[in-house]
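Please read the following report alongside the sequence and the coordinates. It moves from whole chains to single residues.

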Amino acid sequence: MTGTDEMHDDTGRDDAAIDRIAAELRVLPLVRPEARARVLVALAAERERAPRAAGVASDARRRARVALAGSLLVGLAAAGLLLYVTQRGSPAATPTAAARTMSTPAATLASTSTAGAVAVQLVLRAPAAARVAVVGDFTGWDQDRVPMTRDPASGLWSATVRVVPGRHVYAFVADDSVWMRDPRAPVANDADFGRPGSVLLVGRP
Amino acid sequence: MTNGPALRLLRTDPSPAPTDDGATPELQTLLRDARAGDVRAFAALVDRYYARALRFALHMLGDRQDAEEAVQDSFVRLHRAFGTYREHDAFDPWFFRILANRCRTASARARRHASVVEYGEVPEAMDHATAQRHDTALAWREEIGRALRALPAEQREAFLMRHVEALSYEDMATATGAGVSALKMRVKRACDTLRHRLIDHDGD
């Protein structure tokens with residue numbers, strides 16, 4: 001790489017004119033926080049798909065995730081992103097991750113078909129959102145698989161997922177861009193690439 | 001990808017100098033850790049390069065949404081390909097090769113819509129105040145944008161790599177796969193065209 005002196009070997013004449021043009025073009029664009037956040041989410045999804053692709057040191061990754069999750073959350077909060085959706089929930093109306101487990105076999109929103117899967121209802125209060133989806137290890141972190149439904153009367157969003165017993169990590173995505181953990185559920189310390197994540201523990205039925 | 005409600009934009013730290021060729025100890029450490037699978041290091045790498053990558057993609061594609069997608073895709077591919085990155089290789093040309101490829105792919109697709117390149121302006125849903133702000137500086141920027149987009153893609157790419165990203169011709173050759181002589185010719189033609197259109201007819 002070279003300095004600006006060498007950059008004039010090709011312009012022939014009037015380098016100041018090209019400098020003037022290039023100076024305008026060198027202005028860095030403003031970065032939308034949600035666009036940057038989407039990069040990290042896409043990287044996390046990539047890691048989910050090919051956990052060995054980058055090929056090394058899973059221990060280092062695991063350690064790094066903890067710190068990254070915290071730092072990115074702070075950054076997002078600073079950007080005002082987390083204020084975008086109101087997360088005030090009434091205790092009575094937001095059962096969420098420790099969610100009530102339903103015995104009905106009719107819930108088929110998640111494609112999990114493993115025998116022994118349990119239906120779990122997730123609820124979020126997000127009156128400002130136009131769309132909310134559940135993402136998690138049980139959806140492959142796909143934002144399109146489990147859209148939530150809004151109850152007009154209460155303003156609560158809900159969805160039912162079928163998950164196998166065990167520990168799961170999940171989050172909510174509002175309006176395709178704002179990731180948030182479930183305010184009523186334990187924080188997932190292993191949320192990847194700084195995604196806000198919550199823990200869902202499902203016992204055997 | 002959808003256009004959500006207008007959100008405030010953040011100007012990222014422009015501290016990584018365009019001429020930084022990756023030889024700084026800080027960047028070397030970041031690259032080594034990211035390559036070793038340190039997620040936090042990779043996120044820091046995203047922070048370090050995002051604005052610069054977006055600038056290149058915006059100039060190449062002329063559309064913010066397309067540019068953001070190309071940048072995002074570039075980082076994903078960078079992550080995927082990190083195993084093939086050799087520590088002694090210069091990082092910038094390696095990254096710009098990925099980014100330029102993604103921009104070429106994006107521009108080959110049908111354009112969704114024409115749009116003006118944004119030079120640091122807040123694109124708050126085409127608000128009236130922004131639309132009315134036709135001061136001299138903005139008009140000059142827009143004229144540059146139009147002139148740049150009128151260049152053949154190869155010339156535009158070469159000009160940006162050389163005069164905006166400050167890559168050497170050797171690094172440009174790595175990034176584009178073209179020879180140094182061809183790249184010099186592209187840059188010269190781009191400079192001639194831009195000078196003719198923007199300076200010779202500028203009236204100053």
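The report below treats the two chains, their nonpolar cores, one helix, one strand and two loop residues.

This is a predicted model, in which local features need pLDDT of at least 70 and side-chain atom pairs count only at pLDDT 80 or more, whereas totals for chains, interfaces and linings use all residues. Residues are numbered from 1 along each chain as its sequence is written, chains are lettered from A and ligands numbered from 1 in the order in which they are written, and side-chain values use heavy atoms, with hydrogens and water left out.

**The two chains**

Chain A has 3 helices and 9 strands, and along its sequence the order is α-α-α-β-β-β-β-β-β-β-β-β. Chain B, by contrast, holds 9 helices and 0 strands, giving the pattern α-α-α-α-α-α-α-α-α. Helices (H or I, at least four residues) and strands (E, at least two) are DSSP runs numbered from the N terminus. The table lists the burial, contact and surface values of each chain; buried means under 20% relative accessible area, exposed over 50%, and partly exposed in between, with a 1.4 Å probe and protein chains only. A contact means heavy atoms within 4.5 Å, and accessible areas come from the Shrake-Rupley method with a 1.4 Å probe, where for residues only the protein chains shown count as cover.

| Chain | Buried residues | Contacts joining residues at least 24 apart, among those at least 6 apart in sequence | Exposed area and share from carbon and sulfur atoms |
|---|---|---|---|
| Chain A | 50% of 205 residues | 71% | about 9,000 Å², 54% |
| Chain B | 49% of 204 residues | 69% | about 9,400 Å², 51% |

**Nonpolar cores**

A nonpolar core is here a set of buried Ala, Val, Leu, Ile, Met, Phe, Trp, Tyr and Cys residues joined through side-chain atoms within 4.5 Å. The largest one has 69 residues, and those touching the most other members are Ile21(A), Leu45(B), Leu78(B), Phe82(B) and Phe91(B). Its largest share, 15 residues, is contributed by H2(B). Another core, of 23 residues, lies apart from it and includes Val118(A), Ala129(A), Ala159(A) and Val163(A). In soluble globular proteins, nonpolar side chains tend to be buried together.

**Helix H1 of chain B**

Helix H1(B) spans residues 25-35, and its buried residues are Leu27(B), Leu30(B), Leu31(B) and Ala34(B). These residues lie on the same side of H1(B) because they cover an arc of only 95° around the axis, the arc being that of the directions from the helix axis to the C-beta atoms. An α-helix has 3.6 residues a turn, so residues three or four places apart point the same way. The buried residues of H1(B) pack against two helices of chain B, namely H2 (39-61) and H4 (91-108). After H1(B) comes Gly37(B), which has a positive phi near 100°.

**Strand E3 of chain A and its partners**

Strand E3(A) covers residues 132-136, and 5 of its 5 residues are buried. Its two faces are both covered, with Val132(A), Val134(A) and Gly136(A) buried on one side and Ala133(A) and Val135(A) buried on the other. Two strands are said to pair if DSSP finds at least two bridges between them. In this sense E3(A) pairs with E7(A) (residues 166-174) in an antiparallel manner over 5 bridges, and Val134(A) has Phe172(A) as its bridge partner in E7(A). E3(A) also pairs with E4(A) (residues 146-147), again in the antiparallel sense, over 2 bridges, and there the bridge partner of Ala133(A) is Pro147(A).

**Two loop residues with positive phi**

Trp141(A) sits in the loop between E3 and E4 of chain A, and its phi is near 60°, a positive value in a residue other than glycine. Trp141(A) is buried, with a relative accessible area of 8%. Its C-alpha atom is separated by 9.9 Å from that of Glu46(A), although the two residues are 95 apart along the chain.

Asp176(A) belongs to the loop between E7 and strand E8 (178-180) of chain A. Asp176(A), which is not a glycine, likewise has a positive phi, of about 65°. With a relative accessible area of 28%, Asp176(A) is partly exposed.
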